[in-house]
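Welcome, and thanks for taking a look at this one with us. Below is a short tour by topic, to read alongside the chain.

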Amino acid sequence: MAEEALLQEEGKKKKGGLLKWIILVVLLAALGVGGWFGYKMFFAAPAEDTAAQTDAAGDPGKPAEQLEGQIVALPTFLVNLADPLGRRYLKLGVEVEVRDADAQAALTKYEAKVKDTLLLLLSSKTYEGLSTMQDKVELKQEIADRLNQIIGNGGVLRVYITEMVIQ
């Protein structure tokens with residue numbers, strides 16, 4: 001009987017030790033997968049879709065980020081925001097990077113359209129609609145889209161906000 005008790009006790013110890021190792025391996029695997037996922041989501045640079053970022057001339061080998069253009073300063077815009085009480089205003093300084101001299105000439109030629117379009121766009125914004133970093137990035141994209149509609153041919157590569165005051 002004593003031998004049977006010893007054998008049962010040894011079997012339990014072996015089972016318990018094996019179970020601990022299995023749990024340890026599963027936890028390490030879960031931590032590894034979680035760490036990899038966290039890195040990919042928060043730290044790794046996003047994969048670039050070169051088809052969406054090609055220049056307007058259709059050159060798939062040059063994404064818009066690799067093109068270098070000329071910087072054109074636009075006038076400073078001062079508009080009332082579309083808040084309910086109408087007491088807030090936005091002062092915005094913008095510079096745009098254009099593809100070439102033709103796009104720069106088009107910005108000068110259509111200056112009245114550019115001012116009108118941007119004033120309408122900016123005055124339609126609210127304080128809450130400009131408060132986060134994502135909102136500011138979206139505003140830059142909206143400005144680029146509107147300017148490209150005016151001058152055509154994807155002439156505006158990037159928009160830079162040089163001054164922004166919301167009061």
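A residue is called buried here when its relative accessible area is under 20%, and exposed when that value is over 50%. Keep in mind that this is a predicted model. With that cut-off in hand, helix 3 is a good place to begin: Val114, Thr117, Leu118, Leu121 and Leu122 are buried there.

**Helix 3 and its two faces**
- The buried residues of helix 3 lie on the same side of the helix, because they cover an arc of only 125° around its axis.
- Residues three or four places apart in an α-helix point the same way, since there are 3.6 residues a turn.
- On the face turned away from the buried side, helix 3 carries the exposed residues Ala112 and Leu120.
- Helix 3 runs over residues 111-123, and its 13 residues reach 18 Å from first C-alpha to last, close to the 18 Å expected at 1.5 Å a residue.

**What helix 3 packs against**
- Two strands meet the buried residues of helix 3, namely strand 2 (77-80) and strand 3 (89-98).
- Helix 2 (101-109) and helix 4 (133-151) also pack against these buried residues.

**Asn148 in helix 4**
- Asn148 has its place in helix 4, and a polar atom of its side chain lies 3.0 Å from the backbone nitrogen of Gly155.
- Beyond its neighbours within four places in sequence, Asn148 is in contact with Gly154, Gly155 and Val156.

**An annotated segment**
- An unreviewed UniProt entry annotates residues 21-39 as "transmembrane region".
- In the model, residues 21-39 are 100% helix and 0% strand, with the end C-alpha atoms 27 Å apart.

Note on methods
Residues numbered from 1 in each chain as written. Predicted model: local features only at pLDDT ≥ 70, side-chain atom pairs only at ≥ 80, totals over all residues. Heavy atoms only, no water. Helix = DSSP H or I, 4+ residues; strand = E, 2+ residues; numbered from the N terminus. Expected span 1.5 Å × (residues − 1). Buried < 20%, exposed > 50% of the residue type's maximum accessible area, 1.4 Å probe, protein only. Arc of directions from axis to C-beta. Contact = heavy atoms within 4.5 Å. Polar contact = N/O pair within 3.5 Å; in protein donor to acceptor, adjacent residues only side chain to side chain. UniProt positions renumbered as here; feature names shortened; annotations may be inferred.
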